[in-house]
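Hi there,

Here is the structure I promised to send over. Have a look at it first, and then read on for my notes.

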Amino acid sequence: MSKIKRGVVDGKDSIEIFEAFSYFDQKIEDIVNEIIDRGDKELVFNCKHLSYITSAGIGQIFKIIKRFKKIDGQLYICNISEDIREYFQDITIDKYFKYI
């Protein structure tokens, strides 16, 4: 299981993932459900300590993007390494969220 920390970035709920995002993580799903059930429409993924991400992590991000899109919400990414940013650009996932 990934080490995950909840927080706030720029007044928005955030999830910080430490080290690797390499599989579907139910804890992340539970946090997203709680945020959406509360009526909030914004979430920040703080990638300050993220060292790599696999296709399973990308799949979970896509799932979250779709859920926020359904409620007219927005997913944000912050503190991302240049390598992961380039990977997101290569697979064009970055057009579905905003960097802050």
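Below is what I found, starting with the strands and moving on to the charged side chains.

One thing to keep in mind throughout is that this is a predicted model.

**The strands**

A good place to begin is strand S2, which covers residues 12-21. Nine of its 10 residues are buried, so this strand is mostly covered. Strand S1 (residues 3-9) pairs with S2 in the antiparallel sense, and seven bridges join the two. If you want a spot to find on screen, look for Val 8, which stands opposite Asp 13 in S2. The hairpin formed by S1 and S2 has two residues between the strands, and Asp 10 there takes a positive phi near 50°.

S2 has further partners. With strand S3 (residues 42-46) the pairing is parallel and runs over three bridges; here Glu 16 has Asn 46 in S3 as its bridge partner. With strand S4 (residues 50-53) the pairing is again parallel, over three bridges, and Phe 21 has Ile 53 in S4 as its bridge partner.

**Asp 13 and its surroundings**

Now for a residue that I think deserves a click. Asp 13 is found in strand S2. Is Asp 13 buried or exposed? Its relative accessible area is 18%, and because buried means under 20%, Asp 13 counts as buried. Leaving aside residues up to four places away in sequence, Asp 13 touches Arg 6, Gly 7, Ile 35, Arg 38, Asp 40, Glu 42, Leu 43 and Val 44.

One of those neighbours is Arg 38. The side chains of Asp 13 and Arg 38 make a polar contact at 2.3 Å. The two also form a salt bridge, with their closest N and O atoms 2.3 Å apart. Arg 38 lies in the loop between helix H1 (26-37) and S3, while Asp 13 sits in strand S2, so the pair ties together parts that are 25 residues apart in sequence. Unlike the buried Asp 13, Arg 38 is partly exposed, with a relative accessible area of 42%.

**Salt bridges elsewhere**

As a reminder, side chains of opposite charge can pair when their charged atoms come close. How many salt bridges does the structure hold? There are six salt bridges in the structure.

Arg 38 appears again in a salt bridge with Asp 40, where the closest N and O atoms are 2.6 Å apart. Asp 40 is partly exposed, at 28% relative accessibility. These residues belong to a network of salt bridges that links Arg 6, Asp 13, Glu 34, Arg 38 and Asp 40.

Another salt bridge joins Glu 29 and Lys 63, with 3.5 Å between the closest N and O atoms. This pair links distant parts of the chain: Glu 29 is in helix H1 and Lys 63 is in helix H2 (residues 55-70), 34 residues apart. Glu 29 is buried, at a relative accessible area of 6%, whereas Lys 63 counts as partly exposed, at 37% relative accessibility.

**To look at on screen**

For a quick tour, you could start at S2 with its pairing to S1, S3 and S4. From there, go to Asp 13 and its salt bridge with Arg 38, and finish at the salt bridge between Glu 29 and Lys 63.

Best wishes

Technical notes. Residues numbered from 1 in each chain as written. Predicted model: local features only at pLDDT ≥ 70, side-chain atom pairs only at ≥ 80, totals over all residues. Heavy atoms only, no water. Buried < 20%, exposed > 50% of the residue type's maximum accessible area, 1.4 Å probe, protein only. Helix = DSSP H or I, 4+ residues; strand = E, 2+ residues; numbered from the N terminus. Pairing = 2+ DSSP bridges. Polar contact = N/O pair within 3.5 Å; in protein donor to acceptor, adjacent residues only side chain to side chain. Contact = heavy atoms within 4.5 Å. Salt bridge = Lys/Arg side-chain N within 4 Å of Asp/Glu carboxyl O.
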